[in-house]
Amino acid sequence: MRKLVKAMALTRTLSTAKDLLVRNQGYSEIPDVAAYADIEHQWDRGYRQTLEAAIAEGDCTPRHTEIVDYPKNAISFRPLARFSARDRLIYDALIFSAAAGIDKQIRNPVYSYRWDHRGGRPKFWYKPWRQMQTNARRTLRSDSSLRMATLDVSSFYEHIDVNILADDLACLSRSADHSKNLNRFLDSFQRINHAWGLPQGSDASGILANLYLAPVDEYLAKSGFRYLRYSDDIMIFRQDWTELRDVLSEVNRILRARRLSMSAPKTAILEPEDAFARIHDARKASLSAACDIGMPGAHIEVRHYFDEIVKEESSDTRSLRFVINRLAKLQDDYAVSWCLDSLPFIAHVAKEVFSYLAIFKHRVEEIQRKLVNFMRSGASRSYPYLEQRILRYFLVMNLSDQQMKESAWLILEDRNREDFPREFASRYIGREASVSEAQLLRHKFEEEPSITMRRALLMSLYESRNLSSRYLNDVEDYLPQLKWVCKYLRAEPPQIPAS
């Protein structure tokens, strides 16, 4: 009976991980080449059962990981871990299995990566973030003499010590055996990649990160300090400046014991007025409300704000995202030309930019021309995440362009490039392939060493109409890693999604 209950719980956890992975592709920095349509199609046809068996047998180490240097701003990067679908689902499911127990140890002032105990899934980030901001403003309004200390951790995820984390998980479950699969996954992730700490790119990592900072929460709560925390972003409230300095000193010692250090540029003690200004940007709040209610003239104010942001020598990333999203909400194409002319400098907001560009069907010709020129100029080579977004845009908008196809061939044939733009390049070629190009795609498939690229190329062969049932059977027989995409394509989907 116990084994049956455990098996049912694992089935639910894996299904939750799959649902979130598929549905959140729109929020992904590096979306999948087919929005995991093959995984969705084959989920209850054996794919889920394969993952269940792997976890039951302890076969949980990652098989394929690509570390992507994804931009944080125009000049700095953070390492995103791009797992295969199998590895990502196993990782998320292992964490989700422990998430309810972890969340019960996390104090109420923590808003990030909380677990919905009723729904059995992590809460989406946006509402908790806004709740924390609201509570911070309420706290400061309750006492006009309150100062606020702010801090966060330097390269937080990268410097989490997985051995200390393993001890935390063992303490939580009272047994190291309960978390051995997760520990094995994290240990292997560090050993086989140019990365360390927790994998970035999965929200599930944030649940473990909360547990890692629990000693800081415990100290602040026991010391009677009012505080709020979102991941490693912490706000502490007190009237006395010296007391806040002392608490920062003690928090720093706790962090150092966990192999972490505070970020000096982001650590400060703010006077009451400055603290409120940090929490509450009155202008953004006003613009957001005006857009939400459709206030006349809102687009003029948003345009003025956009002009101010882009004239700054170093644009604030949050402000740039905010104003592009507001223009998108208003369906105002005011920033289209600027976005297209500024691509190399705004790669860190590519997700928002291309969502914005996709709105304006009446400017497709201009957008298409400028994107093609950018790709053909050679400037795109330094920005693989832009190459992926551009090719994805052409696929989603169903645009046919011979020059873009030539650029896609150059990307596909360059094995020194990251896989994710090459995957989208192959998809674009497949949709536009001539008979001879389809034959060449098959040759590329057969000589390609990367299994993730072979998955994309197989979809490209299907879209080029050069994938016979006989060949599909041969691929499934000789490349068992591709059996799920083979089964999906054998069902003859009318269109493979790109987003």
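**Salt bridges, buried elements and surface features of the predicted model**

Asp32 and Arg455 form a salt bridge in which the closest N and O atoms are 2.9 Å apart; a salt bridge is here a side-chain nitrogen of Lys or Arg within 4 Å of a carboxyl oxygen of Asp or Glu. This pair links distant parts of the chain, with Asp32 in the loop between helix H1 (2-23) and helix H2 (37-42) and Arg455 in helix H22 (residues 451-463), 423 residues apart. Helices (H or I, at least four residues) and strands (E, at least two) are DSSP runs numbered from the N terminus. The structure is a predicted model, in which local features need pLDDT of at least 70 and side-chain atom pairs count only at pLDDT 80 or more, whereas totals for chains, interfaces and linings use all residues. Residues are numbered from 1 along each chain as its sequence is written, and side-chain values use heavy atoms, with hydrogens and water left out.

Both partners of the Asp32 bridge are covered. Asp32 counts as buried at 4% relative accessibility, and Arg455 counts as buried at 13%. The term buried denotes under 20% relative accessible area, exposed over 50%, and partly exposed the range in between (1.4 Å probe, protein chains only). Helix H22 also contains Glu463, which lies 36 residues in sequence from Arg427 of helix H20 (residues 419-432), so that this pair ties together separate parts of the chain. The side chains of Glu463 and Arg427 meet in a salt bridge with an N to O distance of 2.8 Å. Glu463 is buried with a relative accessible area of 11%, and Arg427 is buried with a value of 0%.

A salt bridge within a single helix is formed by Arg442 and Glu446, at 3.5 Å from N to O. Both residues lie in helix H21 (residues 435-447), 4 residues apart, or about one turn of the helix. An α-helix has 3.6 residues a turn, so residues three or four places apart point the same way. Arg442 counts as partly exposed at 25% relative accessibility, as does Glu446 at 44%. Elsewhere, Asp333, Asp341, Arg363, Glu366 and Lys370 are joined into one network by salt bridges that share partners. The count of salt bridges comes to 48.

Tyr383 is placed in the loop between helix H17 (364-376) and helix H18 (384-396). Its C-alpha atom is separated by 16 Å from that of Lys370, 13 residues away along the chain. When residues up to four places away in sequence are not counted, Tyr383 touches Pro344, Ala347 and Phe374, a contact being heavy atoms within 4.5 Å. A polar atom of the Tyr383 side chain also lies 3.4 Å from the backbone oxygen of Pro344. Polar contacts are pairs of N or O atoms within 3.5 Å; within protein, one atom must be able to donate a hydrogen and the other to accept it, and residues adjacent in sequence count only if both atoms are side-chain atoms.

Helix H8 (residues 204-212) is mostly covered, with 9 of its 9 residues buried. Among them are Ile207, Leu208, Asn210 and Tyr212. The buried residues of H8 pack against helices H4 (85-104), H6 (162-173), H7 (180-191) and H9 (214-222), and against strands S3 (115-116) and S6 (226-230).

Asp240 occupies the loop between strand S7 (233-238) and helix H10 (241-257) and is partly exposed, with a relative accessible area of 33%. The Asp240 side chain reaches the backbone nitrogen of Thr242 at 3.0 Å and the backbone nitrogen of Glu243 at 2.8 Å. Asp240 and Glu432 are 192 residues apart in sequence and 67 Å apart in space, C-alpha to C-alpha.

At the surface, Tyr27, Phe124, Trp125 and Tyr126 make a nonpolar patch of about 450 Å². Patches are made of residues with over 30% relative accessible area and no salt bridge, like charges being joined within 9 Å and nonpolar side chains (Val, Leu, Ile, Met, Phe, Trp, Tyr) within 5 Å. Accessible areas come from the Shrake-Rupley method with a 1.4 Å probe; for residues, only the protein chains shown count as cover. Trp125 is located in the loop between strand S4 (121-122) and helix H5 (126-142) and is partly exposed, at 41%.

A search of the whole structure finds 0 disulfides, defined as pairs of cysteine sulfur atoms within 2.5 Å. Cys171 counts as exposed at 51% relative accessibility, whereas Cys486 counts as buried at 0%.
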